[in-house]
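Colleague: Please take a close look at one part of this model, the contact between chain D and chain C. Which residues and elements make it up, and how are the two chains related?

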There are 4 protein chains.
Amino acid sequence: MAGPDELVFNARDLHAFMLSVWPDAADRFSPERLERLEPSFCRLRHPVKEEDLRPGGTVSGPTLMHLADTASYSIILAHLGDAALAVTTSLSIEFLRRPVGPTVVVDCDLVKLGRSLAVCRVTMASAEAGTEPNMTRPEAIANVTYSLSLI
Amino acid sequence: MAGPDELVFNARDLHAFMLSVWPDAADRFSPERLERLEPSFCRLRHPVKEEDLRPGGTVSGPTLMHLADTASYSIILAHLGDAALAVTTSLSIEFLRRPVGPTVVVDCDLVKLGRSLAVCRVTMASAEAGTEPNMTRPEAIANVTYSLSLI
Amino acid sequence: MAGPDELVFNARDLHAFMLSVWPDAADRFSPERLERLEPSFCRLRHPVKEEDLRPGGTVSGPTLMHLADTASYSIILAHLGDAALAVTTSLSIEFLRRPVGPTVVVDCDLVKLGRSLAVCRVTMASAEAGTEPNMTRPEAIANVTYSLSLI
Amino acid sequence: MAGPDELVFNARDLHAFMLSVWPDAADRFSPERLERLEPSFCRLRHPVKEEDLRPGGTVSGPTLMHLADTASYSIILAHLGDAALAVTTSLSIEFLRRPVGPTVVVDCDLVKLGRSLAVCRVTMASAEAGTEPNMTRPEAIANVTYSLSLI
């Protein structure tokens with residue numbers, strides 16, 4: 001188990017791990033989506049699909065909650081590898097503006113990596129594919145807590 | 001717009017409304033799922049499907065978040081009918097125990113129905129179909145806030 | 001360490017413990033304020049003082065947050081006694097209505113008592129001294145999480 | 001009412017306003033504490049006092065919650081002046097590490113300033129007086145929502 005300044009999984013390890021333990025979810029952890037993966041930080045980019053939308057073309061709340069959880073799990077897994085079991089214990093999200101895509105960028109800071117708890121701070125905003133979002137005007141912000149146990 | 005002691009939509013109205021504005025989501029609001037609908041309270045029962053599960057047979061966090069939001073929207077819509085637009089502004093959820101189904105029961109208390117904000121308190125627990133869950137040992141609890149605007 | 005159905009401290013033990021470890025805070029844990037103390041539940045009643053008020057006679061937000069934390073710590077301590085160290089790790093509160101006193105009643109349900117985490121659900125409402133509050137129209141609701149470690 | 005890029009109160013206006021409407025609380029809004037005040041951002045520095053401490057020299061949770069609320073109110077007031085009434089509707093805080101002072105620095109980003117809601121994101125860390133805190137290892141993070149109404 002590494003500390004907050006060191007990663008044990010890179011983007012490919014992470015995807016390979018998900019393929020082995022939860023193949024149905026592995027797509028969400030694909031290296032193409034994980035644009036950045038650094039100690040204590042990752043950025044996901046999610047291409048919005050038809051099924052993610054509510055009427056009027058707004059990305060749905062459940063889609064954003066799912067993304068906040070996915071980004072948090074990604075950075076925790078990158079730090080802990082397969083040495084620990086991480087389970088979401090709480091998630092709180094504020095919806096600030098209407099997200100419209102076509103991609104949703106999800107920035108995730110790991111602000112605590114303790115022995116029994118990890119806490120992530122997530123910022124989400126829409127952007128055109130390949131462009132930078134305006135993270136000073138986020139569409140949603142979330143705090144996500146994971147409980148950790150060594151295995 | 002009715003107050004916290006009066007409903008303007010019953011379970012069928014609610015389902016018909018969802019069919020008209022968001023047919024893809026209407027299933028989640030079907031009268032068979034909405035076991036109770038009373039002023040300031042509703043109970044949903046969600047039959048767990050394969051796609052709701054994580055490895056090990058645990059109902060996934062995103063499924064529970066989605067259910068908390070659906071129950072909150074149901075009771076708010078039942079009070080406001082089509083007289084107002086309700087948009088989720090925040091959701092905070094605590095995951096307490098492993099939910100295993102086969103159904104997840106979602107109790108939702110509307111604790112505030114103001115002019116611009118509505119707040120719901122949600123309690124979730126697994127149960128066999130047709131049986132009462134043990135709501136003193138919930139699997140998840142959530143607070144959900146909706147912003148309201150008259151239309 | 002007892003389970004969720006058994007208390008190791010009664011109201012006097014709890015007060016005596018606080019007097020020994022944190023005398024300045026012991027008043028908030030006095031037996032006169034702890035109106036009910038049962039497995040997985042307690043009720044505090046706080047007499048509102050001048051210093052708790054904002055202009056206009058509203059009980060301040062920090063006063064309510066403090067009360068939510070005090071009630072949560074009380075029920076956890078009653079279950080664990082001096083066998084564990086409990087530290088607040090998160091608190092989320094929704095302010096629903098203007099609390100005006102003259103007493104604030106704080107109901108606290110211990111919804112999870114695990115090995116490493118305890119979670120409380122708090123409901124607050126004003127009432128005249130000696131009377132029952134209307135807890136279906138609470139003035140604030142809170143979820144409080146404590147991290148536990150055996151000592 | 002100004003937008004998110006423009007302030008109507010500077011630090012002195014803010015203090016003068018608090019002195020006029022809530023003199024007992026004005027100290028917490030003094031210009032010496034408000035180290036930075038810019039559009040959509042402010043930084044408070046709080047000198048820890050004896051009464052803020054728990055046994056062991058830890059800054060108490062209620063002190064941090066109070067600071068998160070004070071910083072949020074400061075930036076909102078600086079944007080709105082006396083043109084609106086702002087009331088806290090929710091606060092969620094994560095306690096990550098033991099804060100020990102001697103000063104607590106509170107950074108507050110105004111991430112949404114809407115017509116009816118404002119949302120702030122708060123980051124807190126201890127530091128020696130006059131030095132920069134390490135905000136990548138915060139001691140607490142909070143999200144604070146205010147309801148706004150024009151007056």
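Modeller: The model is a predicted one. In it, the contact takes 17 residues from chain D and 17 residues from chain C. On the side of chain D that touches chain C, two elements each supply at least two residues: helix H2 (61–80) and strand E5 (84–95) of chain D. E5(D) gives the largest share of that side, with eight residues. Sorted by class, the side of chain D that touches chain C holds eight nonpolar residues, six polar ones and three charged ones.

The strand E5(D) also has a partner across the contact. Strand E5 of chain C, residues 84–95, pairs with E5(D) in the antiparallel sense, over five bridges. One position can be looked up directly: Ser90(D), in E5(D), has Glu94(C) standing opposite.

Next comes the relation between the two chains. In general, a rotation about an axis and a shift along it relate two copies of a chain. Here, a turn of 180° and a shift of 0.0 Å along the axis lay chain D on chain C with an RMSD of 0.0 Å. The relation is therefore that of a two-fold axis. Within chain D, the C-alpha nearest this axis belongs to Ser92(D), at 2.0 Å from the axis. Both copies use the same surface, as 100% of the contact residues of chain D recur in chain C.

How values were computed. Residues numbered from 1 in each chain as written. Chains lettered and ligands numbered in written order. Predicted model: local features only at pLDDT ≥ 70, side-chain atom pairs only at ≥ 80, totals over all residues. Contact = placed C-beta atoms within 7 Å. Helix = DSSP H or I, 4+ residues; strand = E, 2+ residues; numbered from the N terminus. Nonpolar A, V, L, I, M, F, W, Y, C, P; charged D, E, K, R; others polar. Pairing = 2+ DSSP bridges. Least-squares fit on C-alpha atoms with pLDDT ≥ 70 in both.
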